[in-house]
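I sat down with my notebook to look up ring contacts, charge pairs and surface charge. Here is the model I had open.

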Amino acid sequence: MSNNHDKEKMNRHTCCGHPHKSDNPSINIGSHDKIPKDFTGKIYICPMHLEVRQPSPGSCPICGMGLELETSSAHPDEGPNQELIDFTRRFWVSAVLTIPLLILTMGPFIGFTSIRDFFGERTTLWIEFLLGTPVVLWSGWPFFERGYNSFRSLNLNMFSLITIGVSAAYIFSVVAVSLPEIFPTGFRNSEGHVGVYFEAASVIITLVLLGQIMELKARERTGSAIKSLLNMAAKTARIIHKNGKEEEISLEHVQVGDKLRVRPGDKIPVDGVVLEGHSSVDESMISGEPIPVEKMSGSNVIGATINGNGSLIIKAKRIGADTLLSQIVEMVAKAQRSQAPIQKYADKVAGYFVPAVILIAIISFVSWAIWGPTPALAYGLVSAVAVLIIACPCALGLATPMSIMTATGRGAQAGILIKNAESLERFEKVDTLIVDKTGTLTEGKPKLMAVLPEGDNDKNEILRLAASLEYGSEHPLAEAIVKGAEERGLDTVNTTDFEAIPGKGVKGLVDGHRVALGNDQLITDMGLDNNKLSHTLNAHRDKGETVMFVVLDGKIAGLICVADPVKKTTPAALENLQKLGFRIIMATGDNKRTAKAVANKLGINEIRADVLPEDKANIIKELQNKGFHVAMAGDGVNDAPALAQADVGIAMGTGADVAIESADFTLIKGNLDGIVRARRLAQGTMRNIRQNLFFALAYNAAGVPIAAGLLFPFFGILINPMVGAFAMSASSISVVLNALRLRRMKV
């Protein structure tokens, strides 16, 4: 189902780049290698820029971030992250060399002058060169590569700033050591020495590496919820051959239709249906519900759930990518790669941020060179480098994606599948919730309560004709009628000229008789009068029963009453939804009297009864025109028009029959308390994103002018580039850690 609120993907992207467009999302931007449509190998993508796709690892040509596997969450055994291994190795080398470098340079400021005096000033400068050069040129090389690519493609990003800042500090220092005599007096201190900044360049590289390592580890942890599910899935299955012999086989060899034995304590290998046996199954890893579910002949079972004490024989229905677990993984992976509308603010800022920072750095250098104290040019260099480093807007690019990736994984653990980030943002704003009655408020498994014949008609014959007409239908009311006939030992026959009238009922030819079964609207359409039955109708509807008319050869032959019990979880869930600020409206095709009886039991004040599927969509449109933000919760099939019209569509799924793609949210267990959890998750996620954007934007807004020296004339404060590097890394780390709090969020 395509939601009518799906927005066109943003052409501006996060992580600090210029606005960027791609006419062909299958092209590896920055090269001319296209991915063929029939390509089946691994595809690497940028989590920030979804149009970047290529068949080999590397870095994003827009933001410079390392690419990751498109389906990494679906493959827990892909092996270690090579980029993380490489950066970790470079970090330790840089740390080992930077520590003595800091001791040499910072020692005199805290009273340790003996080391520098022992070597002498000139020799010490060359030692700093020898320690700093491997850090800058080897440990920092990946950043220079990314920075070079950003200038070449005119997609300026955080690595553009790091490259300029570190290069300026390092090249200046190398020239100062090797050719000090060429510098004018503006670069010299009172002793005639030219200051060097090997320690600043090295510390910057070391801290950026540390930030990148923490970010990479955090990105791995965001998919841990899904990977843990996959790691718990069965690796083998016990097949029962036609000759009765059993054999342990690899899971990939299981075929649809195979008979499999699930022993006590085993993991259920694939989605299937129970043929024999009785047991309870722990489905908490899929649904988030801790209570085991009873399974018997005819029950559906889900792959990767855990069997209890009983033995089951199941028939495989869905295998491989068709299983519920695989669909969940794919949906969560897509959601984690989607972008929320709130991200457009970060994108807009990022698109102009880097050029502005470079301009500020130039202005800062010139201002210090003209008006700064001696050595003015040295002060100018320090301030310009500090501006470039402290302004690196990596945190801005991480703010939204980190929260979205973490939240969608947390949702999957709680039995909430989120279609995309936009749905999550919209759901936070929803103020009106429309709920279908059957299958949403109720169990969706109605029971036949009464058959009331009219005149001299036989009630068993009426039930037999109605069951024959409804045989094969998947509608819950139809199933109740067919099951009721079977329990009474009535044999159904084939129906011809069958016609289904949406929202009203069905017609057909049964045993040569014209039979119709439906509600008041069907009776009205057929021109029949039901006034004399009003007392009986009202009495049963006041009990919350759904009453259907059976019409035989153009005359009302009787009534069939069906009741659908309210789910045990519904009353408490409705109370919690109202506390969360929802206006709740029950919309149902049932008669108003029946609907009111159910609504009164549940404390629902607003009902819309006798509505057709298309009427629900019109009700939603009417509310939207009045300024309300509307969510619709339904079964995802009959309610498709309403789910499409709603700001947020919620499919109330049950077990393996869940329609994964039918709505913005899919609740594995079709209970209303799933909507409560989804609302809390949406509110917590959007609050987390706003906190992250504040950390990033407020930090940059405050850091850049201070680094430029705005406070120096008043307080004598000028930020060292090393402090800028620490602050830049701290900003990114704070965003990452804040986003990871969502993993522990109670929903």
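My entries follow, in the order I made them.

**Entry on the model**

I kept in mind throughout that this is a predicted model.

**Entry on aromatic pairs**

I began with the rings and found twelve aromatic pairs in the structure. I then opened one of them, Phe 87 with Phe 143: the ring centres are 5.8 Å apart and the planes stand at 80 degrees, so I noted the pair as edge-to-face. Where do Phe 87 and Phe 143 lie? Phe 87 is in helix 1 (residues 82-106) and Phe 143 is in helix 4 (residues 141-153), so this pair ties together parts that are 56 residues apart in sequence. I checked cover for both partners. Phe 87 is buried, at a relative accessible area of 1%, and Phe 143 is buried too, at 0%.

Next I turned to Trp 126 and Phe 129, another edge-to-face aromatic pair, with 5.7 Å from centre to centre and 85 degrees between the planes. Here both residues sit in helix 3 (residues 121-139), three residues apart, which I wrote down as about one turn of the helix. Is Trp 126 buried or partly exposed? My note says partly exposed, because its relative accessible area is 36%. I also saw that Trp 126 and Phe 129 belong to one aromatic cluster together with Tyr 170 and Phe 198.

**Entry on salt bridges**

How many salt bridges did the count give? It came to 22. I looked at three pairs and one network.

The pair I took up to start with was Arg 426 and Asp 664, whose closest N and O atoms are 3.4 Å apart. Arg 426 lies in helix 13 (residues 421-429), while Asp 664 is in the loop between strand 24 (648-652) and strand 25 (665-667), so the salt bridge ties together parts that are 238 residues apart in sequence. Arg 426 counts as buried at 12% relative accessibility, and Asp 664 counts as buried at 0%.

Then I went to helix 15 (residues 459-470), where Glu 461 and Arg 464 are three residues apart, about one turn of the helix. These two form a salt bridge, with 2.9 Å between the closest N and O atoms. Their cover falls into two classes: Glu 461 is partly exposed at 31%, whereas Arg 464 is buried at 15%. I paused over Arg 464, which counts as buried because the cut-off for that class is under 20% relative accessible area.

My third pair was Arg 583 and Glu 606, with the closest N and O atoms 2.7 Å apart. Arg 583 is in strand 21 (residues 583-587) and Glu 606 in strand 22 (residues 606-608), so the salt bridge ties together parts that are 23 residues apart in sequence. I noted Arg 583 as partly exposed, at 26%, and Glu 606 as partly exposed, at 23%.

I closed this entry with the network: Arg 238, Glu 246, Glu 248, Arg 261, Arg 263 and Asp 266 are linked by salt bridges.

**Entry on surface charge**

Which residues gather in a patch of positive charge on the surface? I listed Arg 687, Arg 741, Arg 743 and Arg 744. I followed up on Arg 741, which lies in the segment after helix 25 (721-740). Arg 741 counts as partly exposed, with a relative accessibility of 41%.

Key:
Residues are numbered from 1 along each chain as its sequence is written. This is a predicted model: local features need pLDDT of at least 70, side-chain atom pairs count only at pLDDT 80 or more; totals for chains, interfaces and linings use all residues. Side-chain values use heavy atoms; hydrogens and water are left out. Patches are made of residues with over 30% relative accessible area and no salt bridge: like charges are joined within 9 Å, nonpolar side chains (Val, Leu, Ile, Met, Phe, Trp, Tyr) within 5 Å. Accessible areas come from the Shrake-Rupley method with a 1.4 Å probe; for residues, only the protein chains shown count as cover. A salt bridge is a side-chain nitrogen of Lys or Arg within 4 Å of a carboxyl oxygen of Asp or Glu. Lys and Arg count as positive and Asp and Glu as negative; His and the chain ends are not counted. The place of a charge is taken as NZ of Lys, CZ of Arg, CG of Asp or CD of Glu. Helices (H or I, at least four residues) and strands (E, at least two) are DSSP runs, numbered from the N terminus. Buried means under 20% relative accessible area, exposed over 50%, partly exposed in between (1.4 Å probe, protein chains only). Rings of Phe, Tyr and Trp (its six-membered ring) pair if their centres lie within 6.5 Å; planes under 30 degrees apart count as stacked, over 60 as edge-to-face and the rest as tilted.
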